[in-house]
Amino acid sequence: MTSNDALPSVPLADAIDRCIQRLCTTVAWTYVLLVLVIITQVVLRKGFSSGLIILEELQWHLYATGVMFGLAYSQTTNSHIRVDLLYGQFSQKTRYVVEILGILILVMPFLIIMFMHSLDFVYDSYRINESSSSPSGLPFRWVIKGVIPITLGLLALAMVSRLYRDTMLLCGKGVVVEENHHGS
């Protein structure tokens with residue numbers, strides 16, 4: 001993260017963000033497992049001419065889990081992708097207002113709707129004990145589908161943290177921390 005991306009400190013928002021980051025960093029270890037599964041699948045396919053459907057599906061599940069938790073992580077670190085055509089020209093106060101309005105009008109309604117629908121999606125999968133359509137595929141499809149509402153909830157919490165941070169900063173109650181750039 002560059003110094004331009006660093007968010008001014010607001011203690012409560014910082015604490016929430018750190019908790020989300022710890023959880024997401026822990027889940028990111030699924031990528032190590034993903035690499036091992038990919039290597040195993042390649043060795044089986046190329047070395048023994050027989051891959052396993054269960055490993056193929058596990059790759060997608062691990063990748064999806066990492067990506068979904070990565071959404072909340074990127075929000076807390078302000079490392080998500082933006083299209084800043086006008087935003088960069090705004091004063092800092094105008095940026096806070098744009099962020100607050102964007103969260104309230106665009107992001108939170110979307111997350112709430114997606115979260116509510118994802119609960120039905122997971123429940124239906126659990127109710128019918130959904131599994132892979134492949135006989136040798138993964139069972140318990142509801143487990144991977146359960147990641148959706150969990151990560152949407154984490155992303156919503158990250159957005160509430162950002163909303164609180166920007167509101168406090170707009171009111172002049174944040175702490176701007178200057179970064180020390182020794183040797184860079």
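Three exercises with worked solutions follow, on a predicted model.

**Exercise 1. Aromatic pairs**

Task: Find which rings pair with Trp142, and classify the geometry.

Solution:
- Step 1. Start with the total. The whole structure holds 2 aromatic pairs.
- Step 2. Take Tyr126 and Trp142. Their centres are 5.1 Å apart, with 90° between the planes. Planes over 60 degrees apart count as edge-to-face, and this pair is edge-to-face.
- Step 3. Place the two residues. Tyr126 sits in helix H4 (residues 92-127) and Trp142 in helix H5 (residues 141-170), so the pair ties together parts 16 residues apart in sequence.
- Step 4. Take Phe140 and Trp142. The centres lie 6.4 Å apart and the planes meet at 70°, so this pair is edge-to-face. The cut-off for pairing is 6.5 Å between centres.
- Step 5. Join the pairs. Tyr126, Phe140 and Trp142 form a cluster through their ring pairs.
- Step 6. Check exposure. Trp142 is partly exposed at 27% relative accessible area. Phe140 is partly exposed too, at 45%.

**Exercise 2. Salt bridges**

Task: Work out which parts of the chain are tied together by the salt bridges of Arg165 and Lys145, and contrast them with the bridge between Asp124 and Arg127.

Solution:
- Step 1. Count. A search of the whole structure gives 7 salt bridges.
- Step 2. Take Arg165. Its salt bridge with Asp14 has closest N and O atoms 2.8 Å apart. Arg165 belongs to helix H5 and Asp14 to helix H1 (residues 11-27), so the pair ties together parts 151 residues apart in sequence. Arg165 and Asp14 are both buried.
- Step 3. Extend the set. Asp14, Asp17 and Arg165 make up a network of salt bridges.
- Step 4. Take Lys145. Its partner is Glu130, at 2.7 Å between the closest N and O atoms. Lys145 is in helix H5 and Glu130 in the loop between H4 and H5, so parts 15 residues apart in sequence are tied together. Lys145 is buried, at 13% relative accessible area.
- Step 5. Turn to Asp124 and Arg127. Their N to O distance is 3.6 Å. Both lie in helix H4, 3 residues apart, about one turn of the helix. Asp124 is partly exposed, at 36%.

**Exercise 3. A pocket**

Task: Describe the lining of the second largest pocket.

Solution:
- Step 1. Volume. The second largest pocket has about 430 Å³.
- Step 2. Lining. It comprises 19 residues, with Gln75, His80, Glu99, Val107 and Met159 nearest the centre.
- Step 3. Sources. Helices H3 (53-76), H4 and H5 each supply at least two lining residues. H4 gives the most, with 8 residues.
- Step 4. Composition. The lining divides into 13 nonpolar, 3 polar and 3 charged residues.

Methods. Residues are numbered from 1 along each chain as its sequence is written. This is a predicted model: local features need pLDDT of at least 70, side-chain atom pairs count only at pLDDT 80 or more; totals for chains, interfaces and linings use all residues. Side-chain values use heavy atoms; hydrogens and water are left out. Rings of Phe, Tyr and Trp (its six-membered ring) pair if their centres lie within 6.5 Å; planes under 30 degrees apart count as stacked, over 60 as edge-to-face and the rest as tilted. Helices (H or I, at least four residues) and strands (E, at least two) are DSSP runs, numbered from the N terminus. Buried means under 20% relative accessible area, exposed over 50%, partly exposed in between (1.4 Å probe, protein chains only). On a 1 Å grid over the protein atoms alone, a cavity is a set of points where a 1.4 Å probe fits but cannot get out, and a pocket is an open set with protein on both sides within 12 Å along at least five of seven lines; lining residues have an atom within 4 Å of a point. Grid points are joined across faces, edges and corners, and a volume is the space filled by probe spheres set on the points. Ala, Val, Leu, Ile, Met, Phe, Trp, Tyr, Cys and Pro count as nonpolar, Asp, Glu, Lys and Arg as charged, and the others, Gly among them, as polar. A salt bridge is a side-chain nitrogen of Lys or Arg within 4 Å of a carboxyl oxygen of Asp or Glu.
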